Amino acid sequence: MKPFFIPLLISSFPVFLFAQGDIARGHELPLKIPPYLSGNFGELRSNHFHSGIDFKTQGVTGKPVYSFDEGWVSRIAVSPWGYGHALYISHYTGLTTVYAHMDSFAPSIQNLLRNHQYENETFACDIRFEKEEVPIKKGELIGKSGNTGSSGGPHVHFEIRETDSENPIDPLPFFMDKIKDTRKPELRSIRVYPIDGIVNGGGSPVTANLIKKEDGSVTLDKSFSAWGDIGLGLKAYDRMNETSNIYGVKNIRLYVNDTLYSSIRANRISFDETRYLNSLTDYADWKKNKSMVMKMYIEPGNKLREVYGTMINDGILRIDEEKPYNLRYELSDAY
């Protein structure tokens with residue numbers, strides 16, 4: 001039997017998350033300058049997902065940083081790498097916020113750090129505090145932004161974690177009334193993997209790039225035909241208003257003949273699973289070309305679960321009938 005053509009439709013659309021909009025009320029931005037991001041939650045990084053959002057600090061250090069909500073300092077961690085100077089504030093809501101790559105802390109917090117360093121004769125430290133031992137008010141000055149640790153430039157890395165599990169969640173829904181974004185995600189290319197079958201007559205992955213037409217529509221620079229078990233992959237970015245940065249895509253859904261077949265979402269990350277990003281992405285392509293292609297199917301041994309939604313047959317599609325298989329990608333961000 002000959003392989004059959006697989007047409008694909010690409011669409012992007014806004015998703016209105018009213019519950020998340022309600023979350024945004026009553027919380028403070030960590031900086032009192034126009035809020036722009038250099039990185040978003042769930043971005044694909046080398047060996048891990050990005051576990052927070054990165055606030056730009058206008059290219060300099062020393063910007064005042066403020067507490068997201070009332071609570072207490074639960075941890076101060078200082079390291080020459082990683083998060084550098086980092087402050088952890090636990091809140092009465094069951095959440096903990098993290099402020100990383102700081103230059104310094106507010107005087108009362110800085111004194112606690114300095115006393116510990118002198119007493120223990122060490123620069124690097126990890127200090128834990130009891131509940132309400134060091135109280136913090138909402139909007140209180142907690143320090144100044146920096147470029148410490150493994151930072152690629154001045155910014156504030158901001159995380160929101162579930163206090164009990166320490167799993168990070170996406171902070172952006174808490175700030176959607178303060179950060180503007182009307183730009184849609186962009187699909188750049190599609191890749192089809194022959195898992196136990198053939199694609200375009202061969203046994204190697206086949207990639208099609210998107211071409212924009214003069215009328216604004218897009219098409220692929222090649223078509224696909226396949227037979228047997230195949231997997232789908234894609235490269236995509238997101239963008240935000242008034243910046244040139246590219247970000248990770250929050251939600252990706254793949255429909256087969258109008259049935260949701262596989263989906264990926266960046267709402268919550270487990271540090272225990274983050275290294276399995278290397279199985280979600282095309283690792284060989286990353287090592288060779290520094291290109292992040294996301295697979296919409298689950299490979300054997302991949303224990304990553306937090307980012308997967310619907311996964312019929314682990315996302316693997318069986319082409320075993322002589323008919324067109326209509327595949328549709330839908331991409332959306334938090335807005």
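**Exercise 1. Decide whether Ile195 is buried, partly exposed or exposed, and describe its surroundings.**

Solution. Begin with the cut-offs: buried means under 20% relative accessible area, exposed over 50%, and partly exposed in between, with a 1.4 Å probe and protein chains only. Because its relative accessibility is 39%, Ile195 counts as partly exposed. Next, place the residue: Ile195 lies in strand S16, where strands (E, at least two residues) and helices (H or I, at least four) are DSSP runs numbered from the N terminus. Then list its contacts, a contact being heavy atoms within 4.5 Å: leaving aside neighbours within four places in sequence, Ile195 touches Asp229, Ile230, Gly231, Tyr297 and Ile316. Finally, look along the chain, where Arg318 is 123 residues apart from Ile195 while their C-alpha atoms are separated by 9.7 Å.

This is a predicted model, in which local features need pLDDT of at least 70 and side-chain atom pairs count only at pLDDT 80 or more, whereas totals for chains, interfaces and linings use all residues. Residues are numbered from 1 along each chain as its sequence is written, and side-chain values use heavy atoms, with hydrogens and water left out.

**Exercise 2. Work out whether Ser189 is buried or exposed, and which residues it contacts.**

Solution. Ser189 belongs to strand S16, which covers residues 186-199. Its relative accessibility is 7%, and therefore Ser189 counts as buried. Once neighbours within four places in sequence are set aside, its contacts are Thr207, Ala208, Asn209, Leu210, Gly233, Leu234 and Lys235.

**Exercise 3. Explain why strand S25 is largely enclosed by the rest of the structure, and find its antiparallel partner.**

Solution. Strand S25 comprises residues 327-332, and six of its six residues are buried, so the strand is largely enclosed by the rest of the structure. In a regular strand the side chains alternate between the two faces of the sheet. In S25 both faces are covered, since Leu327, Tyr329 and Leu331 are buried on one side and Arg328, Glu330 and Ser332 are buried on the other. For the partner, recall that two strands pair if DSSP finds at least two bridges between them; strand S20 (residues 251-256) runs antiparallel to S25 and is joined to it by six bridges. Within this pairing, Arg253 stands opposite Glu330.

**Exercise 4. Compare the settings of His101 and Asn257, residues other than glycine that have a positive phi.**

Solution. His101 has a phi near 65° and is found in strand S10, residues 95-105. With a relative accessible area of 6%, His101 is buried. Asn257 has a phi near 50° and is found in the loop between S20 and strand S21 (259-265). With a relative accessible area of 32%, Asn257 is partly exposed.

**Exercise 5. Identify the residues with the most contacts inside the largest nonpolar core.**

Solution. A nonpolar core is a set of buried Ala, Val, Leu, Ile, Met, Phe, Trp, Tyr and Cys residues joined through side-chain atoms within 4.5 Å. The largest has 81 residues, and those with the most contacts inside it are Phe55, Ile76, Phe175, Leu234 and Tyr329. Strand S19 (residues 225-237) supplies the largest share of this core, five residues. A second, separate core has five residues, among them Ala77, Tyr88, Val98 and Ala100. Returning to Phe55, its contacts beyond four places in sequence include Leu29, Pro30, His155, Phe175 and Ile179.
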